[in-house]
Amino acid sequence: MGDGDSGVHLSRLRDAVIGCDLDNIESIAVAALNSKVDPLKAIQEGLAGGIRVVGERYSKGEAYLPELVMAANVMKKGVAVFEPHISEGADRGGLGKVVLGTVEGDIHDIGKSLVGTLFGTAGFEVIDLGVDVANQKFVDSTQKEQAVILGMSALMTTTMVSMTDVLAALADKGIRGKVKVMVGGAPTTKEWAKEIGADAQAGDAVEALSLAKSMLSKR
Amino acid sequence: MRPCPSRSQCYQRGEITTRIGFDTERKIKLKVMTKEEEDAIHWASLNLLWKTGMRIYSKESLEILKANGADVDFSQKLARIPEHLVHEGLKRFPKAFDLCGRIKANDVKLDGRHVYFSTDATGVATYDLETGERRGSNKEDVKKVAILTDYLPGVAVFNPSVTPLEVPPHSHTLHELEVGLNYTEKHTMVEAVFIKDEAEVEIKMASLVTGGTKELRRRPIISSIMCCIFPLTLDGGAMDASLTFAKAGVPVHLMSMPQAGTTAPITLAADIAINNAEILGANAILQLAAPGAPVLYSTVSSPMDLKTGGYGGGGRPETALMNSAGVQMSKRYGMPSSPGSMGSMAKMTGPQIGHEHTLVPLTVALVGGDLLNGIGMLEGSKVLSFEQMMIDHEIATAVLRLVAGFSVNDETLSLSMIDRVGPRGNFLQEPHTYKHMKEIWDPTLSDLRPYDVWKASGAETMQQVARKKAKEILAKHTPVPLDSGISKQLRGMVSDAEKKPFPKGTSENW
């Protein structure tokens, strides 16, 4: 088949993500596979291309949060179709592992989960520890997974102080230099992140992703 | 709520994100008088019309009343209008009609179920969009208002807002109408006309666009304001012009503006009675002359400023009560309404006008007003602000959203989904959330972002954002133009009329 046909399939995949077409994404993906579209290309240029468009619209305040989440779910469903067909050893362009969680005593997870979803679609492997995560668990997972990024979220001023303790524990273990630590959630600010020695703070998931990418590219 | 085609088009183009706006269906309802109080106002109005009578400076109006059995004193220009004529008038007007746009998608349905907003008229100064200077208004300002109206989904009707000061005064309403017909596909409300011949030119201009007078009657793309300024008094020229419009099938807004403390008593009940009497009286005359003439009940009332004797502005709690009472009376009679809604004596955009421009339209909309006016004006409708126009549009969409209420059914209760997601769950990723997310009001100016993000993006005030948005719209939006031949003919009609003033109205001649 020619590149032209492949282009049609890629744009259909992209449009399905942009249009949040949860019902039809699988059949669109299967059709692409049947037409011998490279599965890795289908994910990176088709599905992820769609997510980038929705992400940009979200950053500009044009797309809605549920739209972004829905688009990410469509992408996941599409990826599941292509995944088994990617040849072993193919360069997936992975960006590394991200360990995420909401700090001890805090059970708010909407923002944190959204960060996970976005990072996942951008090429990171996300290990989401959930909510009310013990300080030690953050440290252990970071070490075990050799995470490039540790993201901690808090919605309450009373719980956000845990972040300071985690940073200290990372230093004690001697792995603070190996991981970029990002903090987020309503009470956190850039000033506070700097004060406690975190590498970055983001106001929303899209900002978090762009900060993460720029920090890693400077490494 | 249901989207109109033009809105959906905007929506598809991604220019607006919320579906709420152009023609919202009202769900929540409120009353400001009991049924007994309403009855009392009605009887008081009949009493005023018969016992006190109305001073009417239009010879034609007095002759119509006389021929139909009113007690008319021509030397005093006073008519005592009996109850049966008032009731005859109430029987004849259409209970539902459309204020048509140049295109059908922009028709304003006056059916008691929908609610809309219009711009305002007619000021004499403008805060310049570029320099921020407060200066005399010009035709370019009127054009900008028309283009913004054409674009903004929450503004359904164009009213010229300001008058072009650079044209001969006798031709100003014609210039305003020319702008309206050329630069928006929405309905144009023309400013109060006080001369019959002027009304005739306006009818000719509108007929040119609709393709004839018969078509204009079928699809009135313009409507006119008949303004009662003094208590129980009808201006001669204004009534003659209104009779001309009514006979042509052009809807007339019967606007009464009692100012409590000066042109009406200080107590609200009396204001409403006088306001109601004026509207019933004017309606009786129009319906006797032109049975079935489309009319609107328009109460634009306010107490005077008791400390200075000046105009009290249109944003006070009493304004909300009086204009709402007017709407309630209009509902009683089944007459569509265009109540005063946004009004303020504020000299600049900011907190004062923000609360005033919310209080009154919200109340009036809840009571059931059909077409709410006043978008974009400062200083008691004297000064146009494009920033304020954008801010008012934001308020309007919020009011429209509120009165639309919400529905309770299986889909909106979504019990099976709640059961599936379960306690401590999250609904953000549910298709149900995605499906219904656009039913939630989506502000275009109000800033909901966290402090850091807001600060990083320039820490702009709402006014600054509003000004930027207005400029953006004016730079990118081009209304669908009229046929160039028609546009040229309109130009010719306006410049012909410009050459010499119209003969004076009958009020001066007899």
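Mentor: Two strands are taken to pair if DSSP finds at least two bridges between them, and that rule will serve us throughout this predicted model.

Trainee: With that rule in hand, which residue of strand 14 of chain B is the bridge partner of B:Met226?

Mentor: Strand 12 of chain B, residues 222-228, pairs with strand 14 of chain B in the parallel sense, and five bridges hold that pairing. B:Met226 falls within the range of strand 12, and its bridge partner in strand 14 of chain B is B:Leu254.

Trainee: Which residue of strand 16 of chain B is the bridge partner of B:His253?

Mentor: Strand 14 of chain B also runs parallel to strand 16 of chain B, residues 295-299, and five bridges join the two. In strand 16 of chain B, the partner of B:His253 is B:Leu296.

Trainee: How many of the five residues of strand 14 of chain B are buried?

Mentor: A residue counts as buried if 20 or more other C-beta atoms lie within 10 Å of its own, and we can apply this to each face of the strand in turn. On one side B:Val252, B:Leu254 and B:Ser256 are buried, and on the other side B:His253 and B:Met255 are buried as well, which leaves both faces covered. For strand 14 of chain B, residues 252-256, the count of buried residues is therefore, by that cut-off, five of five.

Trainee: Which helix of chain B gives the most residues to the largest nonpolar core?

Mentor: That core has 133 residues, and B:Ile81, B:Val252, B:Leu254, B:Ile285 and B:Leu286 touch the most other members. The greatest contribution to this core, 12 residues, comes from the helix spanning residues 268-289 of chain B, helix 10.

Trainee: How many residues does the other core, apart from that one, contain?

Mentor: To stay a moment with B:Val252, its contacts, not counting residues up to four places away in sequence, include B:Phe245, B:Leu286 and B:Val295. Apart from the core of B:Val252 lies another, with A:Val99, A:Val115, A:Val133 and A:Met160 among its members, and its size is 65 residues.

Trainee: Turning to chain A, what is its radius of gyration?

Mentor: The secondary structure of chain A comes to nine helices and five strands, and along the sequence these follow the pattern α-α-α-α-β-α-β-α-β-α-β-α-β-α. For its 219 residues the globule rule gives 17 Å, and the value for chain A is close to that, so the chain is as compact as a globular protein of that length, with a radius of gyration of 19 Å.

Trainee: Which helix of chain A supplies the largest share of the side of domain 1 that touches domain 2?

Mentor: Chain A is divided into domain 1, residues 3-85, and domain 2, residues 97-217, and their C-alpha centres lie 28 Å apart. The contact takes eight residues from domain 1 of chain A and five residues from domain 2 of chain A. On the domain 1 side, helix 3 (39-59) and helix 4 (65-82) of chain A each supply at least two residues, but the largest share, five residues, comes from helix 3 of chain A.

Trainee: How far apart are the C-alpha centres of domain 1 and domain 2 of chain B?

Mentor: In chain B the assignment gives a domain 1 made of two segments, 5-31 and 91-404, and a domain 2 that covers 410-439. The distance between their C-alpha centres is 41 Å.

Trainee: Which strands stand at the edges of the open sheet with the order 3-4-2-13 in chain B?

Mentor: This sheet has four strands and mixed pairing, and within it strand 2, residues 54-56, runs parallel to strand 13 of chain B, with two bridges between them. In that pairing B:Ile56 has B:Leu234 as its bridge partner. Two strands of the sheet have a single partner strand each, so one side of each is left without a neighbour in the sheet, and these are strand 3 (71-73) and strand 13 (233-234) of chain B.

Trainee: At about what angle does helix 3 of chain B run to strand 3 of chain B?

Mentor: Helix 3 of chain B, residues 59-67, lies across strand 2, strand 3, strand 4 and strand 13 of chain B. Relative to strand 3 of chain B, the helix runs at about 145°.

Trainee: In the open sheet with the order 9-8-20-19, which residue of strand 9 of chain B stands opposite B:Tyr127?

Mentor: The pairing in this four-stranded sheet is mixed, and strand 8, residues 125-127, pairs with strand 9 of chain B in the antiparallel sense over three bridges. Opposite B:Tyr127, in strand 9 of chain B, stands B:Arg134.

Notes:
Residues are numbered from 1 along each chain as its sequence is written. Chains are lettered from A and ligands numbered from 1 in the order in which they are written. This is a predicted model: local features need pLDDT of at least 70, side-chain atom pairs count only at pLDDT 80 or more; totals for chains, interfaces and linings use all residues. The radius of gyration is taken over C-alpha atoms; the globule rule is 2.2 Å times the number of residues to the power 0.38. A residue is buried if 20 or more other C-beta atoms lie within 10 Å of its own, exposed if 12 or fewer, and partly exposed in between; C-beta atoms are placed from the backbone. A nonpolar core is a set of buried Ala, Val, Leu, Ile, Met, Phe, Trp, Tyr and Cys residues joined through C-beta atoms within 7 Å. Two residues are in contact if their C-beta atoms, placed from the backbone, lie within 7 Å. Domain bounds come from an automatic or database domain assignment. Axes are lines fitted to C-alpha atoms, for helices over the stretch in contact, and angles run from 0 to 180 degrees between N-to-C directions.
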